[in-house]
Amino acid sequence: MPQTPHVEEHFTASEVVRDIVIGVSDGLTVPFALAAGLSGTVASTSIVVTAGLAEIAAGAIAMGLGGYLAAKSDADHYTSELKREQRELREKPGVEVREVIDIFQSYGLTAEESKLIAKGLLRNPHALVNFMMRFELGIEKPAPGRALKSALTIAGSYIAGGIVPLSPFIFISNSKTALTLSVIITNIALVIFGYIKGHFTGAKPMRSAVQTVLTGGLAAAAAFSIAKLISR
């Protein structure tokens, strides 16, 4: 009987999702907290909008730069470790083979089976080095252009998230009314974002949604309360 081919479905865009999560989560909470805090001290929304847009611009640049430096650091670390493994293979091939044998034995293979595989890898130095990078050091090769892509993804996600809580202040002149609408819109956005984040990251979507809403709400409440106390 013909059999249906087995196809494994794995989510492979984890780095992009991580960058989006970082950008959107901070974009939703930080400008929201700022707007809530300023609303506790000013009646006009123009100041809130000006400060909010400035914060979104500064936050997007800072977050994007942080993402770029982190990804660049990962790439530099990978290159450094790759050169070290290549040097060790040239200078101490016996040690590297022993390490390969130890790795396979840790997965339950016998010493003879492990030696046979190690000898096969030794005939292909490139494959052996890649094997050691992944299974000894646990380092994956970064995708080309990862640093720039990470920076743009985080910055763009931060801007997209930040516009949500600030949008009512752009169209409504009364700060209290705008704040009320901002709370409603932002909480809806936090629920949707938290649910989607949970779905893609493997967490329980509803639990992730609740945690995201609580985080954003606590940040906004803290900023609003501090601004009120300072203004007295």
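Analyst: pLDDT is the predictor's confidence in each residue, on a scale from 0 to 100. This is a predicted model, in which local features need pLDDT of at least 70 and side-chain atom pairs count only at pLDDT 80 or more, while totals for chains, interfaces and linings use all residues. Residues are numbered from 1 along each chain as its sequence is written, and side-chain values use heavy atoms, with hydrogens and water left out.

User: What is the average pLDDT of the protein chain?

Analyst: The average is 81, and 89% of the residues score at least 70. Confidence peaks in H6, with a mean of 91, and bottoms out in helix H8 (residues 205–231), with a mean of 73. Residues 5–12 stay under 50, and the model gives them two contacts beyond four places in sequence; a contact here means heavy atoms within 4.5 Å.

User: What makes residues 146–171 a helix, and how does the reach of H6 compare with the expected one?

Analyst: Helices are DSSP runs of H or I with at least four residues (strands are runs of E with at least two), numbered from the N terminus. H6 has 26 residues, so it clears that bar. The expected span is 1.5 Å times one less than the number of residues. H6 reaches 38 Å between its first and last C-alpha, close to the 38 Å expected.

User: Where does H6 bend?

Analyst: At Pro165, by about 50°. That's the angle between axes fitted to the seven residues ending there and the seven starting there.

User: Why is the Asp19 and Arg18 pair called a salt bridge?

Analyst: The rule asks for a side-chain nitrogen of Lys or Arg within 4 Å of a carboxyl oxygen of Asp or Glu. The closest N and O atoms of Asp19 and Arg18 are 3.9 Å apart, so the pair passes. The structure holds eight salt bridges. Another one, Arg84 with Glu88, comes in at 2.6 Å, and these two residues sit four apart in helix H2 (residues 45–91), about one turn. Asp102 and Arg98 pair up at 2.8 Å, again four residues apart, in helix H3 (residues 93–106). As for shared partners, salt bridges join Glu81, Arg84, Glu85 and Glu88 into one network.

User: How do you know whether Asp19 and Arg18 are buried or exposed?

Analyst: Buried means under 20% relative accessible area, exposed means over 50%, and partly exposed is in between (1.4 Å probe, protein chains only). Asp19 has 2%, so it is buried, whereas Arg18, at 43%, counts as partly exposed. Ser182 in helix H7 (residues 175–201) has 0%, so it is buried too. Beyond its neighbours within four places in sequence, Ser182 contacts Phe32, Pro165, Pro168 and Phe169.

User: What makes a set of residues a nonpolar core?

Analyst: The members are buried Ala, Val, Leu, Ile, Met, Phe, Trp, Tyr and Cys residues joined through side-chain atoms within 4.5 Å. The largest one here has 16 residues, and Val100, Leu121, Leu128, Phe131, Met132 and Met133 touch the most other members. H2, H3, helix H4 (111–122) and helix H5 (125–135) each supply at least two of its residues. Apart from that core lies another, of nine residues, including Ala35, Ala36, Val48 and Phe169. In soluble globular proteins, nonpolar side chains tend to be buried together.
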